Amino acid sequence: MLNKIKSSKGIVTAVWVLGLMVIWEICAFIVGATQRTPINVLPHLYQIFGSFFDPKPITGSGDTIATLVFSSAAETLSRALIGFVIGMLLGYALALFMNLSHIVEKIAFPYLMIIQMIPILGMAPIVLSITGDISSARIVIAAILTFYPVSTNTLAGFKSVGRERHELMKSYGANKFQLYIKMLIPSAMSYFFTGLKISAPMAITASILVDTLQGGNGLGCMLSQSLKGSMTRFVFWDIVIFSAVIGVLSFYLMGVIERAISPSKRKAKKLNNGKD
Amino acid sequence: MSEKVNVPEISVKNVSMVFSDSKGNPVQALKDVSIDIQKGEFISLLGPSGCGKSTLLRIVSDLLTPTSGEVTVCGKTPKETRLEQKFGIVFQNPVLLDWRTVRKNIRLPLEMMKVPKEEQASRIEQVLELVGLKEFGNSYPGQLSGGMQQRVGIARALAIQPDILLMDEPFSALDEFTREKLNDDVLHIWRKTNKTVLFVTHNISESVYMSDRICVLSPHPGRLSAIVDVNLPRPRTPEMRGTPEFAALVEKVRNSFEGI
């Protein structure tokens, strides 16, 4: 019973991916019939995947597309991860302070909103000129983008704890520390992870975007070089697909971590599956 | 009452409570309420919504401070009694922590009271036995039915070995069958543990079935309109619900409301 449901979920995903591929291919055929350079608009999927595993070097230093993508990904994504972790820690700390002090909340919240409203394309050059270094700029931008969703979602989590839960703790004579450790922080955990799920793909996207501003070795840099024609166009396509996959995986990874640290979620899920 | 020679366990004297509503206008939730409750008594606070019955329970347990009037519990202020962890409170919602197993939920107050580990374990087993959930100790609240969750809430309240058990409409979210079963369970536990129980409900027949005395509260403003003695014999049995005496008491309680 359990396996049946698990595999049926897998089938749904497979149908989804397959459907997407079919639509892509149909479009690629139409584009191929009407355009003079279809590879610039929409190449076939087999061409894209083929190019990725093509052993022929495309640069003077002997890199194939695959090694080029992996080395630039390591460059960009490691910075995205550092920024993500920093943004997560700062965002969580601010949520804690905002919940502890009404004054901090009143002062900090408008700034949070403003940071969120400035387009990342506008913020990135400023950060780059301040830091003067593309790697630090990647980290800072990823941190800024992670900060807001984590902070607001976690704060919402703290505030969602109902009156009776507070009364329960009060009736035990709990102090502030016990209230947070035993009640508020675990209660807000799923909100915190919602924030992480939103910000993980955003941190990746942002650091790729920062790459495009300057030459270097990052994913975004290769992307723009390929678009400008200094490398084969397939580098562009491969990076687009690769980044999409990494973005989706980063989202799922947050869910996996959440389930790993909260056994109640795993058990409740098992029970529901058993009932169905 | 004949046993009034003792100092009452809970004494409420001329308590009034005024809240302000969302527009800042004062709302009188309780007006001049006085009740004496003896040790080991089972008292119901009965009334429609807006009569201040839950407010009164929260005042007794120091979750709210009254605007005027005086409350003493075991000869002390409610705050002293709360900090000594003498109150076991069962809320309308079970208020279980969904990330903790049943056992760990019951352990929560014991952790804060710094009860030694071995004693924690023995107390948990004891209360689980009492509420009949021995084999569900390692389940998560999400895996239990509403009635079972409320039993865990009761077990958690009993685990701190309180002098006074305060129950705020604990069964109002449950179906009739589960509620009547839990009524009997609570009476059984009460008889075994001999606690003073303050039971808030809006269900007339439930209050008649459970209580020694019923404090009838009327709304707008919340006030005590009658105290009805329930002289049905103990232990109460489900058959009593069908007797003429029971029906007469229900009728008497119903007629003591004012201005609804």
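**Reading cores, domains and chain contacts**

Colleague: Which residues does B:L198 touch, leaving aside those up to four places away in sequence?

Modeller: B:L198 touches B:I37, B:I43, B:L45, B:L57, B:V60, B:I164 and B:L166, when residues up to four places away in sequence are not counted. Please keep in mind that this is a predicted model.

Colleague: How should I read such a group of residues?

Modeller: The general idea is that nonpolar side chains tend to be buried together in soluble globular proteins. In this structure, the largest nonpolar core has 68 residues, and B:L198 is among those that touch the most other members, together with B:V60, B:A155, B:L166 and B:C215.

Colleague: Which helix gives the largest share of this core?

Modeller: Helix α5 of chain B, residues 146-159, does so with six residues.

Colleague: Why does this core lie between domain 1 and domain 2 of chain B?

Modeller: Both domains give residues to the core, so the core lies between them. There is also a second, separate core of 52 residues, which includes A:M88, A:I141, A:A206 and A:I208.

Colleague: Where are the bounds of the two domains of chain B?

Modeller: The domain assignment gives domain 1 as 1-83 + 182-260 and domain 2 as 87-161. Domain 1 is thus written as two stretches of the sequence. The centres of the two domains of chain B, taken over C-alpha atoms, are separated by 25 Å.

Colleague: How many residues does each domain of chain B give to their contact?

Modeller: Domain 1 of chain B and domain 2 of chain B give seven residues each. On the domain 1 side, α2 (78-83) and α6 (176-193) of chain B are the elements that give two or more residues. The largest share of that side, four residues, comes from α6(B). By class, the domain 1 side has two nonpolar, three polar and two charged residues.

Colleague: How do I read a contact between two chains?

Modeller: One may count the residues on each side, then ask which elements supply them. Here 17 residues of chain A are in contact with 19 residues of chain B. On the chain A side, the elements giving two or more residues are α8 (163-171), α9 (176-187) and α13 (263-275), and α8(A) gives the most, with six residues. This side of chain A has six nonpolar, five polar and six charged residues.

Colleague: How many helices and strands are there in chain A?

Modeller: Chain A has 13 helices and zero strands. Of its 276 residues, 31% count as buried. The C-alpha trace of chain A spans about 75 × 55 × 30 Å along its principal axes.

Technical notes
Residues numbered from 1 in each chain as written. Chains lettered and ligands numbered in written order. Predicted model: local features only at pLDDT ≥ 70, side-chain atom pairs only at ≥ 80, totals over all residues. Nonpolar A, V, L, I, M, F, W, Y, C, P; charged D, E, K, R; others polar. Domains from an automatic or database assignment. Core = buried A, V, L, I, M, F, W, Y, C linked by C-beta atoms within 7 Å. Buried ≥ 20, exposed ≤ 12 C-beta atoms within 10 Å, placed from the backbone.
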